[in-house]
Amino acid sequence: MTHSSTPPNDSQPDAAEPVNAANTETAPPELEVQTLASCQAEVVQLQAKYSDLSDQYLRAKADTENARRRAEDEVSKARKFALESFADSLLPVVDSLEAGLAIKDTTLEQLREGSQATLRQLVSALERNKVIAINPPAGDKFDPHQHQAISVVPSEQEANTVVTVLQKGYLIAERVLRPALVTVAAAK
């Protein structure tokens with residue numbers, strides 16, 4: 001009995017053999033279309049996300065630039081008009097001095113009262129603008145941050161204390177504008 005056997009078909013891959021691009025001429029057209037459509041959809045999504053992020057970046061950059069410009073304008077205006085309040089509070093003092101000088105026949109007592117009233121106005125204007133006198137009483141401890149010792153004098157007071165104030169000092173917003181000139185008690 002003759003057995004006829006058919007030779008193996010080389011055109012069809014064996015079931016145990018893996019399929020790869022070299023073994024297949026082309027992938028099924030539906031798979032290619034799905035892959036292409038999926039990639040195109042992803043590209044569209046990425047372009048939209050890029051466009052959105054780019055827009056957000058440009059807006060943030062513009063906001064930052066605007067904030068910087070506004071801050072510079074505010075600092076410029078603050079410098080320009082910093083003295084406006086101070087000058088405004090001194091105008092009544094100028095008015096009082098001019099009014100006092102305009103009076104032709106004044107007595108010494110009137111001149112003294114007018115000067116004291118004008119001095120009160122001036123001190124009040126300084127205090128409103130945070131300019132405070134440094135005038136330590138005798139016996140206060142010498143503070144080199146607020147006082148300048150002109151001389152050391154023998155005294156019955158404790159050493160390193162203020163004996164007399166020769167000239168008041170001034171603080172402006174808690175910063176020394178001018179130290180008080182004082183004499184200090186010497187060590188015994």
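Two strands count as paired when DSSP finds at least two bridges between them, and strands themselves are DSSP runs (E, at least two residues; helices are H or I, at least four), numbered from the N terminus. We're working on a predicted model, where local features need pLDDT of at least 70, side-chain atom pairs count only at pLDDT 80 or more, and totals for chains, interfaces and linings use all residues. Residues are numbered from 1 along each chain as its sequence is written, and side-chain values use heavy atoms, with hydrogens and water left out.

**Exercise 1.** Work out the strand order in the open sheet of 3 strands.

*Solution.* Start with E1: 4 bridges tie it to strand E4 (residues 169-172), running antiparallel. As a check on the register, Ala133 sits opposite Tyr170 in E4. Next, E4 is joined to E5 by 3 bridges, again antiparallel, with Ile172 opposite Arg175 in E5. That gives the order E1-E4-E5. E1 (131-134) and E5 (175-178) are the edge strands with a single partner each, so one side of each has no neighbour in the sheet.

**Exercise 2.** Find the residue with a positive phi in the hairpin of E4 and E5.

*Solution.* Go to the 2 residues between the strands; Ala173 has a positive phi near 50 degrees.

**Exercise 3.** List the largest nonpolar core (buried Ala, Val, Leu, Ile, Met, Phe, Trp, Tyr and Cys joined through side-chain atoms within 4.5 Å).

*Solution.* Buried means under 20% relative accessible area, exposed over 50%, partly exposed in between (1.4 Å probe, protein chains only). The 6 members are Ile134, Val162, Leu171, Ala180, Val182 and Val184. Strand E6 (residues 180-185) gives the most, with 3 residues.
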